[in-house]
Amino acid sequence: MRGGIPICFPQFGNCGSLEQHGFARNKIWVIDDDPPPLPPSDYNGKVYVDLLLKPTEEDMKCWPHCFEFRLRVALAMDGNLSMISRVRNINGKPFSFSFGYHTYFSVSDVSEVRIEGLETLDYLDNLHQRERFTEQGDAITFESEVDRVYLSSPNVIAVLDHERKRTCVLRKEGLPDVVVWNPWEKKSKTMIDFGDEEYKQMLCVDAAAIEKPITLKPGEEWTGRLELSAVPSSYCSDHLDF
Ligand SMILES: O=P(O)(O)OC[C@H]1O[C@@H](O)[C@H](O)[C@@H](O)[C@@H]1O
């Protein structure tokens with residue numbers, strides 16, 4: 001079974017020596033029982049939890065850098081979901097990492113979905129040895145396998161689901177890249193934790209930092225934010241501030 005928002009850290013994909021998408025998504029995180037409060041400007045009736053990840057001795061063997069990762073997951077009264085990742089270098093030396101919120105969207109029919117906000121951007125195509133192309137179309141639509149890293153994207157992206165008359169809006173900060181992935185029919189059949197037909201009802205649109213890894217000096221902290229909201233499709237894209 002697949003879904004949710006796995007955290008890809010300290011490596012996105014297979015560009016590096018670590019396991020695919022890094023180790024963070026396969027770890028048990030600890031709940032911080034006494035998290036710092038939300039800033040008053042952000043309070044707005046939100047409920048939140050802070051999850052912490054620190055490297056184990058085993059992690060240090062394959063990635064020898066000491067860090068603290070604080071993930072705040074906040075849910076607002078209007079249903080908006082925010083994820084705030086803070087990575088701090090508590091090491092004596094600088095380190096670099098890549099990162100992604102590997103967000104699985106449930107859609108009515110992927111052939112009827114389009115993404116707005118990525119048109120005209122350059123992307124690396126994972127299906128062509130990461131060769132660089134430039135997006136030509138108006139909006140991104142789907143009729144075959146897609147596995148791309150769109151570069152230097154705007155901070156607002158919309159996933160429009162016509163059949164469901166719903167638009168999911170991604171607002172991001174600190175995350176210049178966007179990965180778009182759907183395995184389509186042939187690849188789905190090779191994935192043991194994925195039904196043969198499940199590609200029709202999903203689409204991954206991941207806010208990420210991949211092309212230019214993040215480097216932190218000792219004591220430095222990086223923040224990457226993602227906010228997801230769902231609005232009726234009639235509201236869409238003219239009202240969005242791309
Ligand atoms: O099977 P995994 O490790 O969860 O990865 C799924 C996909 O995740 C995407 O983000 C990658 O771009 C794809 O290349 C990859 O196949």
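## A tour from Ser-233 to the ligand

Start by selecting Ser-233: its side chain makes a polar contact with the side chain of Thr-167 at 3.1 Å (a pair of N or O atoms within 3.5 Å; within protein, one must be able to donate a hydrogen and the other to accept it, and residues adjacent in sequence count only if both atoms are side-chain atoms). You're in a predicted model, where local features need pLDDT of at least 70, side-chain atom pairs count only at pLDDT 80 or more, and totals for chains, interfaces and linings use all residues. Residues are numbered from 1 along each chain as its sequence is written, and side-chain values use heavy atoms, leaving out hydrogens and water.

Ser-233 sits in the segment after strand S16 (221-232). Strands here are DSSP runs of E, at least two residues, numbered from the N terminus.

Next, pick Lys-172 in strand S13 (residues 166-173). Lys-172 is buried without a salt bridge, and the nearest side chain of opposite charge, Asp-177, is 7.3 Å away. Buried means under 20% relative accessible area (1.4 Å probe, protein chains only); a salt bridge needs a side-chain nitrogen of Lys or Arg within 4 Å of a carboxyl oxygen of Asp or Glu. Lys and Arg count as positive, Asp and Glu as negative, with His and the chain ends not counted.

So where does the Lys-172 side chain reach? Show backbone oxygens: Pro-154 offers one at 3.1 Å, and the one of Leu-175 lies 2.7 Å from a polar atom of that side chain.

Now jump to the ligand. Its oxygen atoms lie 2.5 Å from an N or O atom in the Asp-147 side chain and 3.1 Å from one in the His-102 side chain.

Conventions. Helix = DSSP H or I, 4+ residues; strand = E, 2+ residues; numbered from the N terminus. Buried < 20%, exposed > 50% of the residue type's maximum accessible area, 1.4 Å probe, protein only.
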